[in-house]
Amino acid sequence: MKHAEIVPSLLSADFANLTDEIGKVERAGCGRLHLDVMDGRFVPNISFGPVVIRSIRKVTGLYFQSHLMIEQPERYVDAFAEAGVNAIIIHREACEDPGGTLDRIRALGLEAGLALRPATPLQTLDGLLNKMDMVLVMTVEPGFGGQKFIEGTDDKVESLRDMLEREGRDIPIGVDGGINTETAPAVARAGATHLIAGNAVFKGDVAVNIERLNKSIR
Ligand code: DX5
Ligand code: ZN
């Protein structure tokens, strides 16, 4: 089995020093950066959008996965593609035509992902699995960094892994929210391949944090 990978979420970084913060995760060996986009409607919080992403695109070659916590994400997929992201993850609950939106993301030459809130059942993926390159299982209610991992969401990851196996779709499973050295082992065991972590990466020494997180899942 491949080792799960830690994916830093920029939301917990110091926004006055983004270039520095990105350099730290690069030097720690991470290959991806998770970009949390919030609109104040789908979630109560507001974060950043394509303007910021376009700027940080210039300072790193990291794979950018944008997690759009916005209503009607189809309105903005082109703008995020132009800003230079590599993947766009939309929320199943935020759009009326997830299939069409996933198709559009792929047509733009990007990887497409679908995210599910903790209470959204896996059955909502029915008929869509062939249109996506990754699934993101929310392990907290989306909207804020630094929340507590919701118990039982690791079982959902396991069910998803089984479902993907049955369907013959070997695609990455991301988990997002409350991931730290305590919660990482269970989600990795359950089959998550991408462990998104904000606070556990950026609060304190980034290199030490990533080393500890990696150790916890080996
Ligand atoms: C929550 C975001 C997460 C968040 C993770 O809405 O989607 O990516 O930043 O942060 P931590 O790891 O601090 O829970
Ligand atoms: Zn996220």
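This dialogue walks through a predicted model, from its zinc site to its sheet and two of its partly exposed residues.

Visitor: Before reading any feature, which conventions should I keep in mind for this predicted model?

Guide: Residues are numbered from 1 along each chain as its sequence is written, while chains are lettered from A and ligands numbered from 1 in the order in which they are written. Since the model is predicted, local features need pLDDT of at least 70 and side-chain atom pairs count only at pLDDT 80 or more, whereas totals for chains, interfaces and linings use all residues, and side-chain values use heavy atoms, with hydrogens and water left out.

Visitor: Which protein atoms are the donors of the zinc ion (ligand 2)?

Guide: Donors are N, O and S atoms within 2.8 Å of the metal (3.2 Å for Na, K and Ca), and sites may look incomplete because water is not among the atoms. Here the protein donors are His34 (NE2), Asp36 (OD), His67 (ND1) and Asp176 (OD), at 2.0 to 2.3 Å from the zinc ion, and their spacing in sequence is H-x1-D-x30-H-x108-D. Histidine 34 in strand E2 (residues 32–38) and histidine 67 in strand E3 (residues 63–69) are 33 residues apart, and this pair links distant parts of the chain; strands (E, at least two residues) and helices (H or I, at least four) are DSSP runs numbered from the N terminus.

Visitor: What geometry does the zinc site have?

Guide: Six donors count as octahedral if opposite donors are over 155 degrees apart and all others between 65 and 115. The site of the zinc ion has six donor atoms with angles of 70 to 170° among them, and is octahedral.

Visitor: Are histidine 34 and histidine 67 buried or exposed?

Guide: Buried means under 20% relative accessible area, exposed over 50%, and partly exposed in between, with a 1.4 Å probe and protein chains only. Both histidine 34 and histidine 67 are buried.

Visitor: In what order do the strands of the open sheet lie?

Guide: Two strands pair if DSSP finds at least two bridges between them. The open sheet has eight strands in the order E1-E8-E7-E6-E5-E4-E3-E2, with parallel pairing, and its edge strands, E1 (5–8) and E2, each pair on one side only. Within this sheet, strand E5 (residues 111–116) has five of its six residues buried; E5 pairs in the parallel sense with E4 (residues 87–91) over five bridges and with E6 (residues 134–138) over four. Glycine 113 of E5 is the bridge partner of isoleucine 89, and in E6 the bridge partner of glycine 113 is methionine 134.

Visitor: Which handedness does the unit of E4, H4 and E5 have?

Guide: A crossover is right-handed if, with the strands pointing away from the viewer, the path from the first strand over the helix to the second runs clockwise. E4, H4 and E5 make a right-handed β-α-β unit. Aspartate 103 lies in helix H4 (residues 98–107) and counts as partly exposed because its relative accessibility is 35%.

Visitor: Where does valine 59 lie, and what is it in contact with?

Guide: Contact means heavy atoms within 4.5 Å. Valine 59 lies in the loop between helix H2 (50–57) and E3 and, leaving aside neighbours within four places in sequence, is in contact with Thr19 and Ile22. With a relative accessible area of 37%, valine 59 is partly exposed.

Notes:
Tetrahedral: all angles 85-135°; square planar, octahedral: opposite > 155°, others 65-115°.
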